[in-house]
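Colleague: Could you take a close look at one part for me, the aromatic rings and how they pair, and describe them in a connected way?

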Amino acid sequence: MTNQTTRVLELLKRFNDGKMVKISELKNDALWEGKSEKTIRRDLDVIKQYFPDGFACVRGEGGAYRAVTKDAFENFLDAKTLSFFALAYSLANKNQLFSSFGFDERTKEALKAKLKSTNACYSFVSRPFESIESKAEIIKSLEFAITHKRKINLKYKSEQKTLEFQEINPYKIVFMSENFYLICASELGVSKFRITQIKSVDILSATFHANADISEFIESIQTPFSEFGKEPINVRLKISAQKARFFKAKKFFKSQIIEKSLENGDIIVSYKITNFNEIKSFIISWLGSVEILEPKALKDEINELIASQRV
């Protein structure tokens with residue numbers, strides 16, 4: 001066994017034991033006696049080569065490193081962040097997302113033991129309409145393709161038949177309206193595929209360059225009805241004073257802006273949408289408390305819809 005192998009194994013042991021590794025202290029260690037800082041860093045680089053995310057610098061400690069373990073993770077998080085993580089973990093567990101995370105059983109059990117107290121304080125009622133648990137392998141393939149900008153072939157179940165899509169560019173998996181969608185781009189434009197309807201995914205060797213406009217659209221997407229490349233439509237609503245508090249407390253759409261509060265307690269709220277289907281059902285759900293100020297075409301369309309339902 002070479003001297004460097006002995007030193008690297010010792011470093012691995014210390015990291016595994018949760019010890020902090022300081023270059024200044026290693027210089028006084030028997031294994032590194034007479035060795036330069038450059039040599040010590042080469043030893044660390046050997047570990048980094050095989051475990052790129054195996055250890056990280058310790059803040060406030062020059063030339064000090066610690067393994068990225070669950071203990072280090074807990075020490076890194078403050079109470080507020082850890083609480084948020086607990087909520088995210090619990091929500092993921094309720095929605096059958098664990099199968100796509102790639103955790104081994106030991107890690108899952110450790111997380112459950114650490115965060116199960118969340119269930120004593122919180123209950124998550126809302127969850128996807130359809131379980132994606134059976135789509136674990138497909139989700140893993142999609143995550144890989146999205147991360148590495150790889151083109152894919154995709155088979156999709158639509159009504160009574162299966163459609164095939166060739167060489168499409170997967171951008172992101174989006175959770176909206178209680179379901180998971182894959183947002184893709186191809187020569188046909190930007191498409192949304194419901195994860196539960198995807199039958200298979202083949203990852204191709206060809207890569208793609210992300211279109212900045214499409215990425216920006218995905219960040220602003222509000223509903224499954226959102227359409228890429230459409231000029232935004234400005235919608236202005238007057239909310240009654242009795243319901244104004246709900247709109248002040250919650251943004252129902254990403255684009256929601258409270259423009260002004262009126263003397264009688266009513267508020268003016270605006271939204272930017274790509275088509276009327278994005279907002280029609282929302283407005284109807286607040287009938288009696290919402291007045292459409294603009295556009296007139298939206299107001300007319302909703303009035304016609306309501307009239308047809310009364311017949």
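Modeller: Tyr156 is buried, because its relative accessible area of 13% falls under the 20% cut-off, and I should say at once that the model in which this value was computed is a predicted one. The structure holds 15 aromatic pairs, and one of them joins Tyr156 to Phe193, whose ring centres lie 5.1 Å apart with the planes at 70°, so that the pair is edge-to-face. This pair links distant parts of the chain, since Tyr156 belongs to strand β4 (residues 150–158) and Phe193 to strand β7 (residues 189–194), with the two positions 37 residues apart. Phe193 is likewise buried, at a relative accessible area of 5%.

Another pair is formed by Phe252 and Phe282, and here the arrangement is tilted, with 5.2 Å from centre to centre and 45° between the planes. Distant parts of the chain are again linked, for Phe252 sits in the loop between α9 (244–249) and β10 (257–261), while Phe282 lies in helix α10 (residues 280–285), 30 residues apart. Phe252 counts as partly exposed, because its relative accessibility is 26%, whereas Phe282 is buried, with a relative accessible area of 12%. Both Phe252 and Phe282 also belong to a cluster that is held together by ring pairs and that includes Phe246, Phe247, Phe253, Tyr271 and Trp286.

How values were computed. Residues are numbered from 1 along each chain as its sequence is written. This is a predicted model: local features need pLDDT of at least 70, side-chain atom pairs count only at pLDDT 80 or more; totals for chains, interfaces and linings use all residues. Side-chain values use heavy atoms; hydrogens and water are left out. Rings of Phe, Tyr and Trp (its six-membered ring) pair if their centres lie within 6.5 Å; planes under 30 degrees apart count as stacked, over 60 as edge-to-face and the rest as tilted. Helices (H or I, at least four residues) and strands (E, at least two) are DSSP runs, numbered from the N terminus. Buried means under 20% relative accessible area, exposed over 50%, partly exposed in between (1.4 Å probe, protein chains only).
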